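Colleague: I have a protein model open in front of me, and I would like to learn how to read its parts one after another. Could you take me through it slowly?

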Amino acid sequence: MQLYHHPYSLDSQKVRLALEEKGIDYTSYHVNPITGKNMDSSFFRMNPSAKLPVFQNGSHIIFDTIETIQYIERIAVFSSGNGIGDIGCSSGEVLEWMRKIQEWNPKYFTLAHVPDKYRIYVSKFVRQVLIARMAESPALASAYHCKLREAYDTEHKLKDPEVLRRSKEHLVGLLDEVEAQLNETTYVAGEEFTMADVVLIPVLARLVLLNLKDEYINCRPNIAEYWAMVQQRASYKRVIGRYFNGWRKYKTLIKTWFFVQIRTLLKRY
Ligand SMILES: N[C@@H](CCC(=O)N[C@@H](CS)C(=O)NCC(=O)O)C(=O)O
């Protein structure tokens, strides 16, 4: 099994947490979307949306995050020898929470909280990468064109305050619902840690990364307590903590920033 992913990608974090929690071995390939690695023709041919993560098991390739997590659960059931059936797979309630959390798209919210200077620089770099890849692989030109249009559209949408307002409203509604639920149960879907938690944890980690912990987490006492608890899990430490806890986040971000700057300077896309 192969997973094409990156520590920056929220959906990649969800799938990796699921793999760690279920103890599934896989071959890991880092594809950094900020340096435009997701536009390399070898990856792009398999996945013209260029989105991460991509999970591959032989000829079976999955792009959807929830579907991937459910597939991982089924693999875990079979490899534990529990046989056929859905024992060990997410219940209807867990699935409902997973879908509800997944409905919030972090894209505009995240980009709106990145200082303009960095965001515009990286966006321009990725567009240059796209143009360079298009020239190298004319057969993929129309798919690269779609990606280029998407990049311009993203920049355009970020100028519209309504887009951020809606995303924020959606997030606040979701967190309020989680806060109320955590008043009743220890984890999102009950007393046991489930795949619903796996889908929520990266959302909280993203808010912390964007320095928004006070505004969204600390003001919700149940979520604040839950956040402190889930950070102790080995899966969290391996998938998120090791890249973003404390000073590590600067190391991770600066490495990518230098790469983008040097490539821009040398005009090597
Ligand atoms: N296929 C995923 C969405 C994945 C997604 O949006 N990935 C983001 C990162 S979390 C991405 O790869 N963005 C890079 C790009 O769009 O070029 C799903 O719908 O479940």
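Modeller: Let us begin with one stretch of the chain, keeping in mind that this is a predicted model. Residues 130–253 are 78% helix and 0% strand, and the C-alpha atoms at the two ends of this stretch lie 22 Å apart. In an unreviewed UniProt entry, residues 130–253 carry the feature "domain: GST C-terminal".

Colleague: Into which domains is the whole protein chain divided?

Modeller: The division gives domain 1, covering 2–89, and domain 2, covering 98–266. Taken over C-alpha atoms, the centres of domain 1 and domain 2 are separated by 17 Å.

Colleague: How many residues of each domain are in contact with the other?

Modeller: A contact here requires C-beta atoms, placed from the backbone, to lie within 7 Å. With that cut-off, 24 residues of domain 1 are in contact with 31 residues of domain 2. On the side of domain 1 that touches domain 2, at least two residues come from each of α1 (10–22), α2 (41–46) and α3 (65–79), and α1 gives the most, with eight residues. Sorted by class, that side of domain 1 holds 11 nonpolar, six polar and seven charged residues.

Colleague: Which residues surround the ligand, and how do they divide by class?

Modeller: The ligand is surrounded by Ser9, Leu10, Asp11, Pro33, Asn38, Ala50, Lys51, Leu52, Phe63, Asp64 and Thr65. Sorted by class, this shell around the ligand has five nonpolar, three polar and three charged residues.

Terms used. Residues numbered from 1 in each chain as written. Predicted model: local features only at pLDDT ≥ 70, side-chain atom pairs only at ≥ 80, totals over all residues. Domains from an automatic or database assignment. Contact = placed C-beta atoms within 7 Å. Helix = DSSP H or I, 4+ residues; strand = E, 2+ residues; numbered from the N terminus. Nonpolar A, V, L, I, M, F, W, Y, C, P; charged D, E, K, R; others polar. UniProt positions renumbered as here; feature names shortened; annotations may be inferred. Near = placed C-beta within 6 Å.
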